[in-house]
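Visitor: I have a chain open here and would like a quick tour. Can we start with how to read burial, then go through the fold?

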Amino acid sequence: MRSLVPDKVIPIDELRKAPEECFTDQAVAVSSDDGKIIGYLLDTTLYEEMMSIIRQSEQTDTFEGSFQVSEERLREIVSQAELVLSNATDSDLDSYSE
């Protein structure tokens, strides 16, 4: 299954002007004029995959999902982790636990 985390945020005005151009093969977040996320756009394939997982969860007590972080987001996470580690003191590292 593709990532449900939006790689792109578009303003509501862009959606109003050309809605057909706003749909991609990835989830897209839609923001209000003040920047608050007010909704998401999903293509039919992603929506159908989500509905399949929901139906599966309703039929059984457990279900499997494979949610995947986008490459761009994963690079951001790694970059943030590298920054935190490079700024960590010995005391910070001594008190670390999983």
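Guide: Buried means under 20% relative accessible area. Keep in mind that this is a predicted model.

Visitor: Okay, S70 then. Buried or exposed?

Guide: S70 counts as buried, because its relative accessibility is 13% and the cut-off for buried is under 20%.

Visitor: Where does S70 sit?

Guide: S70 is in the loop between α3 (44–59) and α4 (71–87).

Visitor: And what lies 3.1 Å from a polar atom of the S70 side chain?

Guide: The backbone nitrogen of R73 lies at that distance of 3.1 Å.

Visitor: Step back a bit. How many helices and strands are in the chain?

Guide: The chain has five helices and three strands. Read from the N terminus, the order is β-α-α-β-β-α-α-α.

Visitor: What about burial over the chain? How many of the residues count as buried?

Guide: The chain has 98 residues, and 18% of them count as buried. About 7,800 Å² of the chain is exposed. Carbon and sulfur atoms supply 52% of that area.

Visitor: Now the sheet. In what order do the strands run?

Guide: The order is β1-β2-β3, in an open sheet with mixed pairing. β1 (8–11) and β3 (37–41) are at the edges. Each has a single partner strand, so one side of each lacks a neighbour in the sheet. On average, neighbouring strands are turned by 30 degrees against each other, direction ignored.

Visitor: Mixed how? Which pair is parallel and which antiparallel?

Guide: β1 and β2 pair in the parallel sense, over four bridges. β2 (residues 28–31) and β3 pair in the antiparallel sense, also over four bridges.

Visitor: Give me some residue partners. What stands opposite P11?

Guide: S31 in β2 is opposite P11. On the β3 side, V30 faces G39. A29 has Y40 as its bridge partner in β3.

Visitor: What joins β2 to β3?

Guide: β2 and β3 form a hairpin, with five residues between them. In the turn, G35 has a positive phi of about 90 degrees.

Visitor: S32 is in that stretch too. Where exactly, and is S32 buried or exposed?

Guide: S32 lies in the loop between β2 and β3. S32 is buried, because its relative accessible area is 18% and buried means under 20%.

Visitor: What does S32 touch, leaving out residues up to four places away in sequence?

Guide: S32 touches I12 and I38 on that count. The side chain of S32 also makes a polar contact of 2.2 Å with the side chain of D34.

Visitor: And how far apart are the C-alpha atoms of S32 and I10?

Guide: They are separated by 9.0 Å, with the two residues 22 apart along the chain.

Visitor: Back to β2. Which residues cover its two faces?

Guide: V28 and V30 are on one side of β2, and A29 and S31 are on the other. All four are buried, and both faces of β2 are covered.

Visitor: Which residues make up the largest nonpolar core?

Guide: That core has seven residues: I10, I12, L15, C22, V28, V30 and L41. α1 and β2 each supply at least two residues of the core.

Visitor: Pick V30. What is V30 in contact with beyond four places in sequence?

Guide: The contacts of V30 are I10, P11, I12, L15, K36, I37, I38, G39 and L41.

Visitor: Last topic, R16. Which helix holds R16?

Guide: R16 is found in helix α1 (residues 12–17).

Visitor: Buried or exposed? And what does the side chain of R16 contact?

Guide: R16 is exposed, because its relative accessible area is 59% and exposed means over 50%. The R16 side chain makes a polar contact of 3.1 Å with the side chain of D13.

Visitor: One more on contacts. What share joins residues at least 24 apart?

Guide: The share is 29%, taken among contacts between residues at least 6 apart in sequence.

Notes
Residues are numbered from 1 along each chain as its sequence is written. This is a predicted model: local features need pLDDT of at least 70, side-chain atom pairs count only at pLDDT 80 or more; totals for chains, interfaces and linings use all residues. Side-chain values use heavy atoms; hydrogens and water are left out. Buried means under 20% relative accessible area, exposed over 50%, partly exposed in between (1.4 Å probe, protein chains only). A polar contact is a pair of N or O atoms within 3.5 Å; within protein, one must be able to donate a hydrogen and the other to accept it, and residues adjacent in sequence count only if both atoms are side-chain atoms. Two strands pair if DSSP finds at least two bridges between them. Axes are lines fitted to C-alpha atoms, for helices over the stretch in contact, and angles run from 0 to 180 degrees between N-to-C directions. A nonpolar core is a set of buried Ala, Val, Leu, Ile, Met, Phe, Trp, Tyr and Cys residues joined through side-chain atoms within 4.5 Å. Contact means heavy atoms within 4.5 Å. Accessible areas come from the Shrake-Rupley method with a 1.4 Å probe; for residues, only the protein chains shown count as cover.
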